[in-house]
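Thank you all for coming. I would like to walk through one structure this morning, and I will try to go slowly enough that everyone can follow along on the screen.

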Amino acid sequence: MANTTLDPDDWDSFRSSAHRLLDDVLDKMETFRQGKVWNPMPAEMKINLKAELPQNGVSHKELCKKLTELLPYGVGNTHPRFFGWVHGAGNPGCLLAEMAVAAMNANLGGRDHGAIYVENQVIEWCRQMMGFPEKASGLIVSGTSMATIIAMKVARDQRLDFFCRKKGIKEAKLVGYASDQAHSCLGRAFDLLGLGSDSLRKIPCDEQFRMDLNALQKVIDRDRENGFEPFAVIGTAGSVNVGAIDDLESLVGIAEKEDIWLHIDGAFGATAIISDEIRPRLKGIERADSLAFDFHKWLQVNYDAGCVLVRSNEAHLNSFSGRAEYLKETERGLAAGSPWPVDYGPELSRSFRALKVWSHFLEHGVEKLAAVVNENCNQAKYLGMKIQEFDHLELLAPVTLNITCFRYITEKTTCLNTLNKNIVIALQERGIAAPSTTILNGRLAIRVNITNHRTEFADIDLLLEEITKVGRELANKSGKTYG
Ligand SMILES: *Cc1c(COP(=O)(O)O)cnc(C)c1O
């Protein structure tokens with residue numbers, strides 16, 4: 001009698017189902033411009049998803065059909081007119097790497113196997129790309145949120161001489177600083193690390209939405225007077241609202257003078273360092289104590305993949321190392337190769353994310369990725385220029401990178417915030433484009449973020465046309481409703 005296994009009974013039939021699915025997937029990728037940007041999942045499909053836990057399996061043919069049915073219902077970020085939040089568009093090349101990843105099924109917590117060497121090479125490339133010293137350490141993670149938690153833990157532990165790894169932070173009154181435009185993942189990291197999100201002081205910004213460094217110095221001084229212990233300042237390279245880059249070089253100086261850790265959140269902005277045009281504006285990044293950034297945003301790697309770099313390998317190891325007996329390294333054999341990735345982060349079981357990043361750099365090369373960055377910046381600038389030509393549109397922030405924030409204006413309504421929110425919802429629901437919204441100085445902005453290698457200038461023109469049309473339509477409607 002055959003033993004129980006999850007391998008296919010009939011490999012030929014499995015193979016033909018897999019080939020068909022591959023074709024369906026490639027069709028989806030090749031027709032990226034077709035259809036609506038966002039396809040909400042139909043009610044019927046949502047109902048069909050609610051099923052009992054299957055007791056018996058289905059055929060591969062049946063399974064592949066179900067997988068294909070799901071393909072249209074992504075976020076929409078594979079479309080050229082997806083402009084919301086900060087999403088990368090991804091690219092078909094990743095599919096190749098992901099197939100190899102699934103076939104290898106490697107666990108990258110540690111040990112001595114090929115996948116580890118690929119991850120180490122990716123980290124080495126990142127170290128060089130960001131200008132970090134040779135001895136710096138790093139880890140591939142899910143994204144900047146996780147990278148931030150790891151970086152801030154090293155910063156916290158180093159400040160407390162690592163005793164807190166065993167004893168907790170006790171009475172330590174550690175405080176850190178970031179601009180009021182900084183990403184919410186920072187507050188969450190402070191929360192998770194037991195410091196409390198209030199320990200992250202929000203420093204006001206100048207009119208360019210960069211951290212006001214005089215204000216920073218005042219808050220640090222005040223905190224010291226009040227018995228708090230400043231331990232970290234976090235600079236933003238590419239703020240989520242408008243794409244502002246803090247004055248990183250000055251932050252290096254302040255961090256040195258105050259003897260505190262400098263972390264940089266460069267989720268999407270740091271990766272623009274590959275562009276000759278942007279690189280000078282990121283000066284200072286190479287002197288940070290730690291840096292967090294994503295591959296899945298501006299570099300167009302498919303979700304998810306991010307990276308943390310830490311200047312002091314020693315501090316990084318001191319913050320995360322310490323393995324149980326059953327995980328102890330040996331000098332030879334499969335358990336060799338220390339330090340392991342698990343010595344640099346909280347996760348033991350880890351997927352082979354690094355492979356798609358490695359193969360992405362191999363497939364496209366940095367020059368082409370830099371050209372995407374430059375093109376997106378030019379598109380954002382173009383959009384900003386066009387807005388200033390129209391009376392019914394108002395620019396709400398300077399365009400300095402890849403994000404343009406603006407709004408539709410009219411005298412027909414008293415509530416421009418509601419009108420602009422409804423314009424964005426209408427564009428999304430009609431499948432025309434998918435910008436998002438944010439609030440700048442109390443005003444609701446239509447926020448267009450371009451981290452998309454598929455966006456063309458014609459897409460920007462179409463967006464402007466449609467905003468004009470939808471804006472007029474909704475303003476007339478609201479004019480009637482509110483008088
Ligand atoms: C996206 C983003 C983050 C969070 O990164 P994830 O990859 O989503 O975890 C943090 N900071 C900035 C500036 C971002 O744009």
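In which helix is the place of Glu62? If you find this residue on the screen, you will see that Glu62 sits in helix 3, and please keep in mind throughout that what we are looking at is a predicted model. Is Glu62 buried, partly exposed or exposed? With a relative accessibility of 36%, Glu62 counts as partly exposed, because that class covers what falls between under 20%, which is buried, and over 50%, which is exposed. Glu62 also shows how the fold can bring together parts of the sequence, since Glu62 and Ser17 are 45 residues apart along the sequence and yet 9.0 Å apart in space, taken from C-alpha to C-alpha.

Let me stay with helix 3 for a moment and turn to the pockets. Helix 3, which spans 60–70, is one of the elements that supply at least two residues each to the lining of the largest pocket, and helix 1 (11–30) and helix 4 (93–104) do so as well. The largest pocket has a volume of about 1400 Å³, and of the 41 residues that line this pocket, those closest to its centre are Val25, Lys28, Met29, Leu71 and Leu95. Which helix gives the most to this lining? That is helix 1, with seven residues. By class, the lining of the largest pocket divides into 24 nonpolar, 13 polar and four charged residues.

The second largest pocket holds about 430 Å³ of space, and here helix 3 gives the most to the lining, with five residues. Helix 2 (43–49) joins helix 3 in supplying at least two residues each to this second lining. There are 13 lining residues here, of which Asn48, Leu49, Ala51, Lys66 and Glu69 lie nearest the centre of the second largest pocket, and the 13 residues divide into eight nonpolar, two polar and three charged.

Pockets are open, so let us now look at an enclosed space. How many cavities of 30 Å³ or more does the structure hold? The structure holds one, and the volume of this largest cavity is about 30 Å³. Its lining is made by Leu139, Ile140, Val141, Met146, Ile150, Gly345, Pro346, Glu347 and Arg350, and the elements that give two or more residues to this lining are strand 1 (137–141) and helix 6 (144–159). Strand 1 provides the largest share, three residues, while by class the lining of the largest cavity has six nonpolar, one polar and two charged residues.

Now to the ligand. It is surrounded by 13 residues, of which the closest are Ser145, Asp265, Asp294, His296 and Lys297, and this shell divides into four nonpolar, six polar and three charged residues. Among the polar contacts, a nitrogen atom of the ligand is 2.6 Å from an N or O atom in the side chain of Asp265, whereas an oxygen atom of the ligand is 3.0 Å from an N or O atom in the side chain of Lys297. The backbone takes part too, for an oxygen atom of the ligand is 3.1 Å from a polar backbone atom of Thr144. Taken alone, the ligand exposes 380 Å², and the protein buries 86% of that area.

Finally, I would like to point out a few places in the loops. Thr455 lies in the loop between strand 11 (443–449) and helix 14 (457–482), and Thr455 counts as buried because its relative accessibility is 1%, where the limit for buried is under 20%. A polar atom of the side chain of Thr455 lies 2.8 Å from the backbone oxygen of Pro80.

Two peptide bonds deserve a careful look. The bond that joins Tyr303 and Asp304 is cis, with omega about -10°, and Asp304 is in the loop between strand 6 (290–294) and strand 7 (306–310). The bond from Ser338 to Pro339 is also cis, with omega near -5°, and Pro339 is found in the loop between helix 11 (313–320) and helix 12 (353–389).

My last example is Phe209, whose phi is near 65°, a positive value in a residue other than glycine. Phe209 is found in the loop between strand 3 (200–203) and helix 9 (213–225), and this residue is buried, with a relative accessible area of 7%.

Conventions
Residues are numbered from 1 along each chain as its sequence is written. This is a predicted model: local features need pLDDT of at least 70, side-chain atom pairs count only at pLDDT 80 or more; totals for chains, interfaces and linings use all residues. Side-chain values use heavy atoms; hydrogens and water are left out. A residue is near a molecule or strand if one of its heavy atoms lies within 4 Å of it. A polar contact is a pair of N or O atoms within 3.5 Å; within protein, one must be able to donate a hydrogen and the other to accept it, and residues adjacent in sequence count only if both atoms are side-chain atoms. Accessible areas come from the Shrake-Rupley method with a 1.4 Å probe; for residues, only the protein chains shown count as cover. Ala, Val, Leu, Ile, Met, Phe, Trp, Tyr, Cys and Pro count as nonpolar, Asp, Glu, Lys and Arg as charged, and the others, Gly among them, as polar. On a 1 Å grid over the protein atoms alone, a cavity is a set of points where a 1.4 Å probe fits but cannot get out, and a pocket is an open set with protein on both sides within 12 Å along at least five of seven lines; lining residues have an atom within 4 Å of a point. Grid points are joined across faces, edges and corners, and a volume is the space filled by probe spheres set on the points. Helices (H or I, at least four residues) and strands (E, at least two) are DSSP runs, numbered from the N terminus. Buried means under 20% relative accessible area, exposed over 50%, partly exposed in between (1.4 Å probe, protein chains only).
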